[in-house]
Amino acid sequence: MPVIPLPVQLSALPEGSYRLTDASRVRFEEAALEGVAAYLGELLSVPTSPDEGDIVLTLEGDEPEGYALRASENGIRIGGGSPAGVFYGVQTLRQLVQENRTVEAVEIADAPRYAYRGAMLDVARHFFGVDDVKRYLDDIALLKLNHLHLHLTDDQGWRLQIDAWPELTGIGASTRVGGGGGGFYTKDDYREIVAYAASSFVTIVPEIDMPGHTNAALASYAELNTDGIAPEPYEGIEVGFSSLDSNKPLTYDFVRDVLTELADLTPGPYLHIGGDESLATTDADFLLFVRRAAEIAASLGKTVIGWHEMGRSRELPPGTIGHYWNFSDPREGNGEHALSFVEQGGQLIISPGDRAYLDMKYDESTELGLVWADGPTPVPDSYEWDPALIVPGVGEEHILGVEAPLWTETVTTIDEIEFMAFPRLACVAELGWSPRTDAPRHFEEIAQRLARLGGLWDALGVQYYRAPEVEWGGT
Ligand code: TNX
């Protein structure tokens, strides 16, 4: 039975299929499940009730994100270790409902491999409004992802209102790659995103990328610049030319103000402070900046995440998470930098550029996308790898999870986001959720299930790429 990510255990039962009818009802046994019940009821166009119904949602078991699902002609029962677990059971059920509104008899027991299963959206190179982000949240929930990392700032745009530094949005938000105007989230917009994400058990992971990737901030405030002169706003796609000044006291006032306001908006545990490609920052300045900025973020009660270059510092706050983004065969010291987080007691999020980057072209003919990660990334490449075999010295227990970033230098609309993300994001989601396999994964193991998921994507209007390696149904 076709489910992505593949459940831990799935057995067909000899009983008859469940049939959704006008009499079907979603019953929730605990008040804490009323929201999930309403969500399922709406998806299936079925009423909900605390008292009666043959689709039963309940809390049971002790794996918070785990669930058990049983379907037969007599009804459907989803028991989860928490409302999140029930929600994941509901995502499985969505994929099991066939076009004739039946569900074949089945028994499933399931729980995730990793605690962190993420997608990232770069809203800095191109800005995407609240509705686009909500749509992407809907898309990723279907795959049981539980984190959405928002890359909120970069050279080309600053996308979040910060009251103490209003020109960040007054000036810094006005640009985007290629020109044509920018945009930003007001604090209310941002709260709306956080709340919407929470309703599908997704934690928003905000990133303020520093000390490089900061031209938008530097263009907004002359006094942040070493020479006191604001650079021009930037709308190209080069990286590595901007830097905050590690030796200016004002820099740390800025960092503290921004991170304090951000932490106030952030119920989740993480603040991502970037640290990648700071090519215009000297080694000494980089180490000084990372130590102080990470210290500020940690002092706000948050767990710090940094791109793996931050592992150049040996003075990271306890538990700092490294975010690995180099190749699946780490090159030029990048593996050592990632390992440094583990040596300092932290864990890693794994996002190899040549496997998990959703902004790589599918093949040479893909109009959107980049090719720096050893050329295009065809869909099978996004599936045939193991997060625990990427960084030498970093095994399963040191991995917090996986994430698939979508950088948006070339991506401008939600349809284009979906086209680049799907189906590759489904492959990465399976690596994050489904049990580790002893043998290397082969694309054939997921190809047919992708074809089946394509039917649901069609029904949902998701603009996925019809990869030639999959025999898609329909038209
Ligand atoms: C590298 S990956 C970057 C981004 C670019 C991306 C394009 C990383 C941490 N930095 O600034 O957008 O490549 O694929």
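In the predicted model, an oxygen atom of the ligand is placed 2.6 Å from an N or O atom belonging to the side chain of D359. The side chain of E409 likewise brings an N or O atom to 2.6 Å from an oxygen atom of the ligand, while a nitrogen atom of the ligand has a polar side-chain atom of E277 at 3.2 Å. Of the accessible area of 360 Å² that the ligand has on its own, 97% is covered by the protein.

The surroundings of the ligand comprise 14 residues, of which R125, Y357, D359, W372 and E409 come nearest. D359 and E409 thus appear both in this nearest group and among the side chains with an N or O atom at 2.6 Å from a ligand oxygen atom. By residue class, the shell is made up of eight nonpolar residues, five charged residues and one polar residue.

Turning to the packing of helices, helix α13, which spans residues 424-433, and helix α14, which spans residues 444-460, have axes that come within 11 Å of each other and cross at roughly 120°. Because angles from 65 to 115 degrees count as roughly perpendicular and only those over 145 as roughly antiparallel, this crossing makes α13 oblique to α14. The handedness of the crossing between α13 and α14 is right-handed.

The backbone was also examined for particular local geometries. A cis peptide bond, with omega about 15°, joins F422 to P423, and P423 itself belongs to the loop that runs between α12 (414-421) and α13. A further cis peptide bond leads from I4 to P5, with omega near -5°, and P5 is situated in the segment before β1 (9-12). In the loop between α2 (83-96) and β8 (102-103) lies R101, a residue other than glycine whose phi is nevertheless positive, with a value near 60°.

Key: Residues are numbered from 1 along each chain as its sequence is written. This is a predicted model: local features need pLDDT of at least 70, side-chain atom pairs count only at pLDDT 80 or more; totals for chains, interfaces and linings use all residues. Side-chain values use heavy atoms; hydrogens and water are left out. A residue is near a molecule or strand if one of its heavy atoms lies within 4 Å of it. A polar contact is a pair of N or O atoms within 3.5 Å; within protein, one must be able to donate a hydrogen and the other to accept it, and residues adjacent in sequence count only if both atoms are side-chain atoms. Accessible areas come from the Shrake-Rupley method with a 1.4 Å probe; for residues, only the protein chains shown count as cover. Ala, Val, Leu, Ile, Met, Phe, Trp, Tyr, Cys and Pro count as nonpolar, Asp, Glu, Lys and Arg as charged, and the others, Gly among them, as polar. Axes are lines fitted to C-alpha atoms, for helices over the stretch in contact, and angles run from 0 to 180 degrees between N-to-C directions. Helices (H or I, at least four residues) and strands (E, at least two) are DSSP runs, numbered from the N terminus. Angles under 35 degrees count as roughly parallel, over 145 as roughly antiparallel, 65 to 115 as roughly perpendicular and the rest as oblique. A crossing is left-handed if the near helix is turned anticlockwise from the far one by less than a right angle, and right-handed if clockwise.
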